[in-house]
Structure formats: structure tokens, C-alpha cells
Amino acid sequence: MPNFNFRPLWRYEDQFIDGVLTTLLLTVSATAIGLVIGIIGAVVLRSGPKSARIGVRAYIEIIRNTPALLQIFIIFFVLPTIGLKFSPIQASIVALSIYFGAYASEILRSGLSSIPPSQIEAGLCLGLTRWQVLSRIVLPPAIRNIYPSITSQFVLLLLGTSIASQVSADELFHAAGFIDSRTYRSFEVYALTCGIYFTLVVFFKIVFALVGRAVFRWPTRR
Amino acid sequence: MALVEIKNVRKNYGPLEVLKGVSLDVEKGEIVTIIGRSGSGKSTLLRCINALETINSGEILLEGQSVSTSMDGLRQMRQKVGIVFQAFNLFPHMTIEKNVTLAPILTGKTDKRGAKELAFSVLERVGLADKLNAYPEQLSGGQQQRVAIARCLAMSPHLMLFDEVTSALDPELVGEVLKVMEGMAAQGMTMVLVTHEMNFARNVATKLVFMHQGRVWEQGDPKTLFANPQTPELKSFIGHHAR
């Protein structure tokens, strides 16, 4: 049995904390931008002109069927050759937003499709505007229907931010590699890093569950 | 001037012509029931009245005005025409009170304070004033349909359309909905119904319209038509439903 010793890691507390903060920055930024992409994508898929629908469909399929690592490399290493330069953090946010946006488009589209057209009809027949029908009648149950999948996708994104380490964005996994190279305590470093990711995910899952329970109170048919 | 004037309306889905030149007037205060076999075009005609379906030719006038094609015009018209569907179509995420007051609040018919009173008064008319805080899923089909009626009443409509509103209900729940509709009829509401409830058509309606193959086949006083149908089609239809 090797001797485990976590003590040498304490010196790197700041690096771990910075890593966590960067991981959260990447996750939250990519989620926010990705959701905007997703809303636009979903609306186009449902009611956009045909050429736009084909474009969005192509975007979704390309992003979902190629490695995220490759996507981030293209943003960071290939785009500068055509004059688009990003810092590691910027490149990571751009790549992860595009990545999350593709999944969000598909999830949000399925959410909108889960609402029967008769609900929209009922709203229009009461003399409401299309926007009122969308925001008051369609979205609340649609969001409830996709809540489990969009929150799972958020968790996958949080864990997936570790690939940003490959373009030297100093998020948690990158910090772990750095600390490992300084301390040679691989097991301890990666065990701790694992624990941090796990704790972050469990924290968000609890928050999502509590928020879900507080917001989605109406009974559904089962 | 009739409240609704339908003039030679044609409607087709691709090559299938569903309405083959339908003309019909609905006077203020009239209770018009439209009967006919499935596929005769009766639901389509009803849905054309509040422009849920677009018509291919002809004209529909509401209170003398042609049904507008602009979004704004459509909305204004729909605020005056209530429609109740076979499948209730209540909003599952809102309480009964919210279901009923959503449109009056959003269209500026009432403020939030007046909304509660409005909800209470229309729900009282359908016998559900005690269900203000319930959700649709907690109600029976008959209760949900009565809420759907109350939701229309909250907009003080000039005209109410009913599209087979009792067809999705268990038999024992049909009566409570019909009773509410009879109450509205007695209070002078102008109503157009597509229905299979022959007793309602015979006893409550002031006008009976029999549709067949996309045309108004016969129309007139319900009791007279039921007793003395002029065409073999209506005769056979009544015969089927008398059983």
C-alpha cells in the first residue's frame, strides 16, 4: 500500500479555488449563451424558413456528431489562421457555447413540440397575442417537460469544461495537472479533483431539484 | 342585420372540398345547432366563424364586419367570440381562477383586483365557485368543460361557439354541461353548436341546421324538422340517432 499524503496539496489551495471558479465561469457563460442559441435554434426549427431550418439542422448534427475536443481546437488553433484570435478562456467559452447551443436547440424544440397545438389554439381564441400565448401558455409546461433533460445537459457541460484544459484555460482540471506536476502526488491530486467535480455536480443537482419542486407545482396526469 | 352572416363559403384541404358553398345567418339571441354525419363539414364551418380555419372563397361577416386577416383584427374579433372545444383545452399549469382570468387581464378587460370577483361570478354561473384554487387535473371532465365555458364567459362574448363539447365526456357528466348551456341560452346568449345531443337540438335550439356533404342540406325550426324531415338524408340521420 502506498502512503497517501494530502498535506502537500494544501499549498495549492488557491490554485484549486481559482480552477473551480474558472470551471464555473465556463459552465455558466456557456449555458447562458448556449440557451440563447438554443432558443433561436428551436424557434427556427419550428417555424423558420426552409433554408434557415436546414442551416440549424446542419449545425446541430455537426456539433453533436463530432468530438467537443476537436471543436475547441478548431476555435483555438484554426480560427487564428483566418485572423480570429481568442484567449484560452474566450475560445473555451465560444466552443462550449456552440456545443451546448446545439443540444439546447434540440431539447427546447422537443419541449415546444410537447405542447399540443390545441393549447395554442385555445389561447389565440381568447384573443391573446402570439407572444402572450408563447410566454403564458406554451413555455411554462414546455419548460417543465424539458427540465430533466436540460439540467442533465448542464451537468454534462460542467464536466465537459475539463476539455478546456487542452487549450490551457486554467480551469479545475488544468489546475490539477499543474499541481500534479509540482507535487508528484497524482493519486491525491486526482482523487481530490474528482471529489470537487462530484461535489459541484451534486450541489447543482440538489439546487435544480429544489427549484423544480418550488416552480412546477401544478399536478400532471399520470 | 344578423350577428353572423356566412355567405357562400367554400373551404378545401388540397383536392378535398369540405365546404361547398355554405350560407347561413345567425341572428342575435339565436341558438343554432349544426348536426350531421362526421365529415359533413360541420366542425370546419364552426371553426371558420372565428377564423381558426381560413376560407377559400365566400365571406363571413360578424356584426356586419368582414373577418379581418390582420393579427390585430383577428384578436379583436376573437375577444368577442368564445369557443369551447371537445377536449376542454384548459391550461394545466394554472389554477381555475387563473385559467378564467388570464385573458381578461391580458386584454385589459379587468385589472387584477377586479379579476378575482370576475372569476367568482363566472364560475358561480357554471356552479364551480368553490374550485377557484384547484388545478384542471384535479377536476372531472364535466367540471373542466364547465370551467372552459366560464373562461369564455369571462370575456363577455357576443357569440359562443361549441364544438362537440360533450363528446369527450363520460355519459353521466354530459348532463351537467348541457344544463349550464341551457342556462346560458335562457339568458339570451347567442350560441352556435356542433353537437350530437339530439335532445338539446330539439328542445333548446331555436334553429336546426343539417349539414351533408359540405352543404347546408336543411335548416329551420328544430321541432318541425325533427317531426317532418324534408330530405331522405335527414330522415335517415334522425332515425339513426333516435335509437
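1. Two strands count as paired here if DSSP finds at least two bridges between them. With that in hand, a good place to start in this predicted model is chain B, where 4 bridges join strand E7 (residues 159-163) to strand E8 (residues 191-194). These two strands run parallel, and Leu161(B) of the pair stands opposite Val192(B) in E8(B).

2. Now step back to the whole sheet around that pair. It is an open sheet of 6 strands in chain B, ordered E6-E7-E8-E3-E9-E10, and its pairing is mixed. At the edges you will find strand E6 (81-84) and strand E10 (215-220) of chain B, each of which pairs on one side only. On average, neighbouring strands of this sheet are turned by 15° against each other, direction ignored.

3. Which helices pack on this sheet? One of them is helix H5 (residues 141-153) of chain B, which touches E6 and E7 of chain B; its direction makes about 170° with that of E6(B). Another is helix H6 (residues 171-186) of chain B, touching strand E3 (31-35), E7 and E8 of chain B. The direction of H6 makes about 150° with that of E8(B).

4. Chain B also holds an open sheet of 4 strands in the order E2-E1-E4-E5, with antiparallel pairing. Strand E2 (16-26) and strand E5 (65-66) of chain B are its edge strands. Within this sheet, 5 bridges join strand E1 (residues 4-13) of chain B to strand E4 (residues 57-62) of chain B, and Ile6(B) stands opposite Ile60(B) in E4(B). Helix H1 (residues 42-49) of chain B lies across E1, E2 and E4 of chain B, running at about 60° to E2(B).

5. Several residues met above return in the largest nonpolar core, which has 72 residues. Those with the most contacts inside this core are Val4(B), Ile6(B), Leu45(B), Leu159(B), Leu161(B) and Val192(B). Chain A takes part too: its helix H4 (residues 88-113) gives the most to the core, with 12 residues. From chain B, the core draws at least three residues from each of domain 1 (4-80 + 158-242) and domain 2 (91-157).

6. What is Val192(B) in contact with, leaving aside its neighbours within four places in sequence? The list is Val26(B), Val32(B), Ile34(B), Leu46(B), Leu159(B), Met160(B), Leu161(B) and Phe162(B). A second, separate core of 38 residues includes Ile31(B), Val84(B), Val122(B) and Met189(B).

7. It is worth looking at how the two domains of chain B meet. The C-alpha centres of domain 1 and domain 2 of chain B lie 25 Å apart. Between these domains, 16 residues of domain 1 are in contact with 16 residues of domain 2. Together they bury about 1,200 Å², 69% of it on carbon and sulfur atoms. Of the area that domain 1 of chain B buries against domain 2 of chain B, Gln79(B), Glu176(B) and Val180(B) supply 37%, more than any other three residues.

8. Finally, a look at chain A. Its secondary structure comes to 8 helices and 0 strands. The C-alpha trace of chain A spans about 70 × 45 × 25 Å along its principal axes, and buried residues make up 43% of its 222 residues. Counting contacts in chain A with a separation of 6 or more, 77% are between residues 24 or more positions apart.

Terms used: Residues are numbered from 1 along each chain as its sequence is written. Chains are lettered from A and ligands numbered from 1 in the order in which they are written. This is a predicted model: local features need pLDDT of at least 70, side-chain atom pairs count only at pLDDT 80 or more; totals for chains, interfaces and linings use all residues. Side-chain values use heavy atoms; hydrogens and water are left out. A nonpolar core is a set of buried Ala, Val, Leu, Ile, Met, Phe, Trp, Tyr and Cys residues joined through side-chain atoms within 4.5 Å. Buried means under 20% relative accessible area, exposed over 50%, partly exposed in between (1.4 Å probe, protein chains only). Domain bounds come from an automatic or database domain assignment. Contact means heavy atoms within 4.5 Å. Axes are lines fitted to C-alpha atoms, for helices over the stretch in contact, and angles run from 0 to 180 degrees between N-to-C directions. Buried area is the accessible area (1.4 Å probe) that two parts lose on being put together, summed over both.
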